[in-house]
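Visitor: Could you walk me through this structure, one question at a time?
Guide: Gladly; let us look at it together.

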Amino acid sequence: MRTRTSEISVGVLVIVAAVALFFLAMRVSGLTSSISGDGYHVTAHFNNIGGLTDRAKVTMSGVTIGRVTSITLDPKRQDALVTLELSNQVKDISTDAAASILTSGLLGEQYIGITPGADSTFLKDGDEIELTQSALVLEDLIGKFLFNKATEVPATAAPAATTSAPAAA
């Protein structure tokens, strides 16, 4: 009887630990949204989104205020249309705010950073962020650097400095 009780209690403990580990993994991975559908949606157009993905975070001053909900190709403008869901707690984002695609660290995940503007009107559901800055693609930067180094003309030796004799008085 005592063995059976201890086996059942160990089994329950293992199940509780597995469920807790599952919820922890979901929370850390970012698969669950802290906004949970109670936010408002805005859009932004970018020429190059780099490695930006759905569910990427949206931050302002380093604080997460939303998530990327969808990324599509705009057939009219031929660029990326990114839809953001922002928390209702952050209603005072001005219409002249700027959205930039940033990277956590050198090779980390990409996310959208919003820089506040100074306009007195604020974004509302369905509005578009007009000022955007596309992602900096590391491969493009390296290619530009190498191309510039290859086309540089080697510096020639500087001409020898000549000294002139002081004029006689």
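**Aromatic pair, core and salt bridges**

Guide: Welcome! Please keep in mind that this is a predicted model. To begin with the rings, the count of aromatic pairs comes to 1.

Visitor: How are the ring planes of F22 and F23 arranged?
Guide: The ring centres of F22 and F23 lie 5.7 Å apart, and their planes meet at 70°. Planes over 60 degrees apart fall in one class. Because 70° passes that cut-off, the pair of F22 and F23 is edge-to-face.

Visitor: Is F23 buried or exposed?
Guide: A residue counts as exposed when its relative accessible area is over 50%. F23 has a relative accessible area of 54%, so it is exposed.

Visitor: Let us go inside. Which residues touch the most other members of the largest nonpolar core?
Guide: That core has 25 residues. Strands β1 (40-46), β2 (57-60), β3 (63-74), β4, β5 (98-103) and β6 (110-115) each supply at least two of them. The members touching the most others are L84, L86, I93, I112 and I114.

Visitor: Let me pick L84. What is its relative accessible area?
Guide: L84 sits in strand β4, which covers residues 79-86. Leaving out residues up to four places away in sequence, L84 touches Y40, H41, V42, V58, R67, V68, T69, I112 and I129. L84 is buried, because its relative accessible area is 0%.

Visitor: How far apart in space are L84 and E128?
Guide: Along the sequence, L84 and E128 are 44 residues apart. From C-alpha to C-alpha, their separation in space is 9.8 Å.

Visitor: On to charges. How many salt bridges does the structure hold?
Guide: Side chains of opposite charge can pair when their charged atoms come close. One such pair is R77 with D79, at 3.7 Å from N to O. The total for the structure is 3 salt bridges.

Visitor: Which of R77 and D79 is buried?
Guide: The cut-off for buried is under 20% relative accessible area. R77 has 46% and is therefore partly exposed. At 8%, the buried residue is D79.

Visitor: R77 also meets E128. How many residues apart are they?
Guide: The side chains of R77 and E128 form a salt bridge, 3.4 Å from N to O. This pair links distant parts of the chain, with R77 in the loop between β3 and β4 and E128 in strand β7 (residues 128-129). E128 is partly exposed, because its relative accessibility is 25%. In sequence, R77 and E128 are 51 residues apart.

Visitor: And D127: which residue forms a salt bridge with it?
Guide: D127 counts as buried, because its relative accessibility is 18%. Its partner is exposed, at 51% relative accessibility. The closest N and O atoms are 3.7 Å apart, and the partner is K124.

Visitor: Which residues are joined into one network by salt bridges that share partners?
Guide: R77 meets D79 in a salt bridge, and R77 also meets E128. Through such sharing, one network joins R77, D79 and E128.

Visitor: Last, the surface. What is the area of the nonpolar patch that includes L146?
Guide: L146 lies in helix α2 (residues 138-151) and counts as exposed, because its relative accessibility is 52%. The patch is made by L106, L107, L136, L138, L141, I142, F145 and L146. Its area is about 870 Å².

Note on methods:
Residues are numbered from 1 along each chain as its sequence is written. This is a predicted model: local features need pLDDT of at least 70, side-chain atom pairs count only at pLDDT 80 or more; totals for chains, interfaces and linings use all residues. Side-chain values use heavy atoms; hydrogens and water are left out. Patches are made of residues with over 30% relative accessible area and no salt bridge: like charges are joined within 9 Å, nonpolar side chains (Val, Leu, Ile, Met, Phe, Trp, Tyr) within 5 Å. Accessible areas come from the Shrake-Rupley method with a 1.4 Å probe; for residues, only the protein chains shown count as cover. A salt bridge is a side-chain nitrogen of Lys or Arg within 4 Å of a carboxyl oxygen of Asp or Glu. Helices (H or I, at least four residues) and strands (E, at least two) are DSSP runs, numbered from the N terminus. Buried means under 20% relative accessible area, exposed over 50%, partly exposed in between (1.4 Å probe, protein chains only). Contact means heavy atoms within 4.5 Å. A nonpolar core is a set of buried Ala, Val, Leu, Ile, Met, Phe, Trp, Tyr and Cys residues joined through side-chain atoms within 4.5 Å. Rings of Phe, Tyr and Trp (its six-membered ring) pair if their centres lie within 6.5 Å; planes under 30 degrees apart count as stacked, over 60 as edge-to-face and the rest as tilted.
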